[in-house]
Amino acid sequence: MYYTWLDIFFWWLHVVVISFNLTGWIWNNTRRAHLIVVLLTVFSWLVLGFWYGFGYCFLTDWHWEVKRALGQQNLPNSFITYLINYQLGGTISVKVIDIATAVTFVAIVIISCYRNRDLVK
């Protein structure tokens with residue numbers, strides 16, 4: 001039961017973080033927090049990714065540990081791939097999802113830096 005609750009918690013946490021990464025730059029009162037979350041994501045994907053594989057997400061790693069404890073196997077490397085192909089029934093290739101995720105995220109990093117340009121003056 002404990003792992004089931006953790007699985008639900010991590011699913012929602014993923015969705016909230018992804019949604020915030022996509023939209024947090026829009027509102028003035030969330031733009032600084034958005035920049036912090038975006039930079040944490042960059043840190044995970046690139047800095048931790050240097051050791052664990054580029055695109056590594058510590059949140060996904062923790063979530064997959066819970067899912068494996070629940071007996072789930074053959075999980076994709078990405079929560080976004082899991083969400084699209086496993087939960088929504090999509091058949092999009094992992095490569096396409098990874099490229100779309102990277103391109104979208106780079107655009108969001110640029111937007112967030114622009115929206116927070118007063119912080120870097």
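Start by selecting Tyr-52, which is exposed, with a relative accessible area of 58%. Here buried means under 20% relative accessible area, exposed over 50%, and partly exposed in between, using a 1.4 Å probe and protein chains only. Before you go on, note that this is a predicted model, in which local features need pLDDT of at least 70 and side-chain atom pairs count only at pLDDT 80 or more, while totals for chains, interfaces and linings use all residues. Residues are numbered from 1 along each chain as its sequence is written, and side-chain values use heavy atoms, with hydrogens and water left out.

**Stop 1: aromatic rings**

Across the whole structure, a search finds 12 aromatic pairs. Tyr-52 and Tyr-56 make one that is stacked, 4.6 Å centre to centre with 25° between the planes. Rings of Phe, Tyr and Trp (its six-membered ring) pair if their centres lie within 6.5 Å; planes under 30 degrees apart count as stacked, over 60 as edge-to-face and the rest as tilted. Tyr-56 is buried, at a relative accessible area of 16%.

Now select Phe-79 and Tyr-82. Their ring centres are 6.0 Å apart and their planes at 35°, so this pair is tilted. Both residues lie in helix α4, 3 residues apart, about one turn of the helix. Helices are DSSP runs (H or I, at least four residues), numbered from the N terminus. Phe-79 and Tyr-82 are both buried. Add Trp-64 and Tyr-86 to the selection and you have one aromatic cluster of Trp-64, Phe-79, Tyr-82 and Tyr-86.

**Stop 2: helix α3**

Trp-64 leads you to α3, where it is buried along with Leu-59, Thr-60, His-63, Val-66 and Lys-67. These residues cover an arc of only 155° around the axis, which puts them on the same side of α3; the arc is that of the directions from the helix axis to the C-beta atoms. What do the buried residues of α3 pack against? Look for α1 and α4 (79-87), taking contact as heavy atoms within 4.5 Å.

Try a distance check too: at 1.5 Å a residue, the 12 residues of α3 should span 16 Å, and its end C-alpha atoms are 17 Å apart, which agrees. The expected span is 1.5 Å times one less than the number of residues. Following α3 you will find Gly-71, whose phi is positive, near 95°.

**Stop 3: salt bridges**

The whole structure holds 3 salt bridges, each being a side-chain nitrogen of Lys or Arg within 4 Å of a carboxyl oxygen of Asp or Glu. Select Asp-7 and Lys-67, whose closest N and O atoms are 2.9 Å apart. Asp-7 lies in helix α1 (residues 2-23) and Lys-67 in helix α3 (residues 58-69), so the bridge ties together parts that are 60 residues apart in sequence. Both ends are buried: Asp-7 has a relative accessible area of 15%, and Lys-67 is at 2%.

Next, pick Asp-118, which bridges to Arg-31 with the closest N and O atoms 3.1 Å apart. Asp-118 lies in the segment after α5 (94-115) and Arg-31 in helix α2 (residues 31-52), so this pair ties together parts that are 87 residues apart in sequence. Asp-118 also bridges to Arg-32, at 3.0 Å between the closest N and O atoms. Arg-31, Arg-32 and Asp-118 are thus linked in a network of salt bridges. Buried or exposed? Arg-31 is buried at 16%, whereas Asp-118 is partly exposed at 35% and Arg-32 is partly exposed at 42%.

**Last stop: a charge over a ring**

Finish at Arg-117, which lies over the face of Tyr-114, at 4.1 Å from the ring centre. The criterion is NZ of Lys or CZ of Arg within 6 Å of the ring centre and within 35 degrees of the ring normal.

Technical notes:
Helices (H or I, at least four residues) and strands (E, at least two) are DSSP runs, numbered from the N terminus.
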